[in-house]
Amino acid sequence: MNEQMMKAREIITGYKGRPLRIMEVCGTHTHEIFRLGLRKLVPEGIDIISGPGCPVCVTAVGFIDEAIWLALEKGCIICTFGDLIKVPGTEMSLAGARAKGADVRPVYSPLDAVALAKENPDKQVVFLAVGFETTTPSACLAAKTAKEQGLENFSLLTANKTMPNAYNALVGSADAFIYPGHVNAITGNAACIKLCEEKGVSGVVAGFTASELMTALAVCIRLLEKGEPFFKNCYPRVVKDEGNPAAIRIMAEVMEPCDSEWRGLGVIPMSGMKLKAEYAGFDARLKYAMPEIKGKPNPACRCGDVLQGKCKPSDCKVFGKVCTPLHPVGACMVSDEGACSAYYQYAD
Ligand code: SF4
């Protein structure tokens, strides 16, 4: 443990003030905070809660149903990041659809799906575009590449989300946010600074190593003690105020903001991204004249409450019994970044 970590540890463990709720809003932070044992460091008065930071977890049930409709009704090849395959839809997961004959393939990048479409001109390929500002640029690049190559058998089913309006929806849920460093590396800090200045929402941007997380937590505690709203970038080696101009540019070129449904949070105005009119030919919902498909979450699952910090995974009646990583009932148990999965793996 270096000197900076020792100092941070002293501040965290020595805290004796009023009860604090600090919400991390990043699936990677959820797991790293558990894995590094940081939860065991914080004294009883500090509650670290998880917010809607896992891209798979916040994807609505209806989106899974839409993907299954494309696979089974339209015979499309569905390409997706692996985690999404096990997420339960209303009646089945994509893994279940695969057992019924659907062609569902995990890919590492949206460009892999573009390549698959190019290799299979007689098949229709749909990439499931989910995630935050960290993954949206690569989905945009895939659409742009497909357009440049004149591919007519590739499209995106979009459920891309943006964080600022989710923070807005969560105002009052915690005393401060630990903002995801990789998201701010793309977007910059303007939205977080605005939240602080206009709504008094406090937060720190954190990196992902033990030292970076401990420092961010200690800074957050010290600034909360002062009682004034604050924003602090504790990940300056990666996060710049202006963000990543190239990533921002391609998102603005290919997509535009739209209302978006978040699991557990409902529809948050202007919290999603959809393809612009110039890319309508690559929008799977338009291309296949998809009917409105509304998903129904399993009533036993409390993912929605977990994602808003209203309860801990262990408060869910089926946690660790009916719902396990091998047999997930909800998305938060599926994803490696989900809070339920983290609790299952690391909590005592
Ligand atoms: S334990 Fe399972 S069912 Fe309960 S909230 Fe988590 S994912 Fe949903």
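Reader: Hi! How many residues of domain 1 are in contact with domain 2?
Author: Hello! 18 residues of domain 1 are in contact with 17 residues of domain 2, where contact means heavy atoms within 4.5 Å. This is a predicted model, in which local features need pLDDT of at least 70 and side-chain atom pairs count only at pLDDT 80 or more, while totals for chains, interfaces and linings use all residues. Residues are numbered from 1 along each chain as its sequence is written, and side-chain values use heavy atoms, with hydrogens and water left out.

Reader: Thanks! Where do domain 1 and domain 2 run along the chain?
Author: Domain 1 covers 3–55 + 164–233, and domain 2 covers 61–163 + 243–287. Those bounds come from an automatic or database domain assignment.

Reader: And what separates their centres?
Author: The centres of domain 1 and domain 2, taken over C-alpha atoms, are 31 Å apart.

Reader: New topic: which residues are around the ligand?
Author: They are C301, R302, C303, C316, V318, F319, C323, V329, G330, M333 and C340. A residue counts as near if one of its heavy atoms lies within 4 Å of the molecule.

Reader: How does that shell divide by class?
Author: The shell around the ligand has nine nonpolar, one polar and one charged residues. Here Ala, Val, Leu, Ile, Met, Phe, Trp, Tyr, Cys and Pro count as nonpolar, Asp, Glu, Lys and Arg as charged, and the others, Gly among them, as polar.

Reader: Which cavity does the ligand take up?
Author: The ligand takes the space of the largest cavity. A molecule sits in a cavity or pocket if more than half of its atoms lie within 2 Å of its grid points.

Reader: Hang on, what are a cavity and a pocket?
Author: Both are found on a 1 Å grid over the protein atoms alone: a cavity is a set of points where a 1.4 Å probe fits but cannot get out, and a pocket is an open set with protein on both sides within 12 Å along at least five of seven lines. Lining residues have an atom within 4 Å of a point.

Reader: Got it. What is the volume of the largest cavity?
Author: About 90 Å³. Grid points are joined across faces, edges and corners, and a volume is the space filled by probe spheres set on the points. V306 is one of the residues lining this cavity, and the lining divides into ten nonpolar, one polar and one charged.

Reader: How many cavities of 30 Å³ or more are there?
Author: The structure holds four of them. The second largest has a volume of about 60 Å³, and its lining includes R39, K312 and Y343. β2 (46–50) and α16 (339–346) each give two or more residues to that lining, with the largest share, three residues, coming from β2. Helices (H or I, at least four residues) and strands (E, at least two) are DSSP runs, numbered from the N terminus.

Reader: What about the largest pocket, which residues lie nearest its centre?
Author: Of the 26 residues lining the largest pocket, E66, D259, S260, E261 and R285 lie nearest its centre. Its volume is about 660 Å³, and β11 gives the most to the lining, with five residues.

Reader: And the second largest pocket, what is its volume?
Author: About 420 Å³. Its lining divides into nine nonpolar, ten polar and five charged residues.
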